[in-house]
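Here is a short tour for anyone who likes to see charged pairs and pockets set out side by side. Have a look at the fold first, and then we can go through the details together.

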Amino acid sequence: MSEETRKNIRALLKRFGIRADEAIIQHLATQAENQTLQLRCTLEDRTDYGDAPPQSPLSVVVEGQIGDSDST
């Protein structure tokens, strides 16, 4: 894998992380205090492979909670 490809991956993940952080903070600001969010982050390959899709499609799912530990 080329260094340019690795840089592109990191840039995409960094943009996602920043946007997700901002969205979560904004969402938490509109919710009741001590609310624990149950979140799922999903990464999926949306490439059009035509008639030759990969045998194992790219798919990553991460789930977790965000909120004060006292509220669970």
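Which side chain meets that of Glu63 in a salt bridge? The partner is Arg40, and the N to O separation is 2.8 Å. Please keep in mind that this is a predicted model.

**Charged pairs**

The Glu63–Arg40 pair links distant parts of the chain, since Glu63 belongs to strand 2 and Arg40 to strand 1 (residues 37–44), with their positions 23 residues apart in sequence. Glu63 has a relative accessible area of 55%, so this residue is exposed, the cut-off being over 50%. Arg40 also counts as exposed, at 57% relative accessibility.

A search of the whole structure turns up three salt bridges. Here they are in one place:

| Acidic residue | Basic residue | N to O distance |
|---|---|---|
| Glu63 | Arg40 | 2.8 Å |
| Glu3 | Arg10 | 3.6 Å |
| Glu44 | Arg46 | 3.8 Å |

How accessible are the residues in the other two pairs? Arg10, the partner of Glu3, is partly exposed because its relative accessibility is 44%, which lies between the 20% and 50% limits. In the pair formed by Glu44 and Arg46, Glu44 is partly exposed at 47%, while Arg46 is exposed at 72%.

**The largest pocket**

Now for the empty space. The largest pocket has a volume of about 290 Å³. Its lining includes Leu12, Leu13, Arg15, Phe16 and Arg19, along with Cys41, Thr42, Leu43, Val60 and Val62. Helix 1 (3–29), strand 1 and strand 2 are the elements that each give two or more residues to this lining.

Which element gives the most to the lining of the largest pocket? That is helix 1, with five residues. Sorted by class, the lining is made up of seven nonpolar residues, one polar residue and two charged residues. Thr42 is the polar one, because Thr is outside both the nonpolar and the charged groups. The two charged residues are Arg15 and Arg19, because Arg counts as charged.

**One more residue on strand 2**

Strand 2 (residues 59–66) also holds Gln65. Is Gln65 buried or exposed? With a relative accessible area of 52%, Gln65 is exposed, because the cut-off is over 50%. Gln65 and Ser2 lie 63 residues apart in sequence, and their C-alpha atoms are 35 Å apart in space.

Definitions and conventions:
Residues numbered from 1 in each chain as written. Predicted model: local features only at pLDDT ≥ 70, side-chain atom pairs only at ≥ 80, totals over all residues. Heavy atoms only, no water. Helix = DSSP H or I, 4+ residues; strand = E, 2+ residues; numbered from the N terminus. Buried < 20%, exposed > 50% of the residue type's maximum accessible area, 1.4 Å probe, protein only. Salt bridge = Lys/Arg side-chain N within 4 Å of Asp/Glu carboxyl O. 1 Å grid on protein atoms, 1.4 Å probe; cavity = no way out; pocket = protein on both sides within 12 Å on 5 of 7 lines; lining within 4 Å. Points joined across faces, edges and corners; volume = space filled by probe spheres on them.
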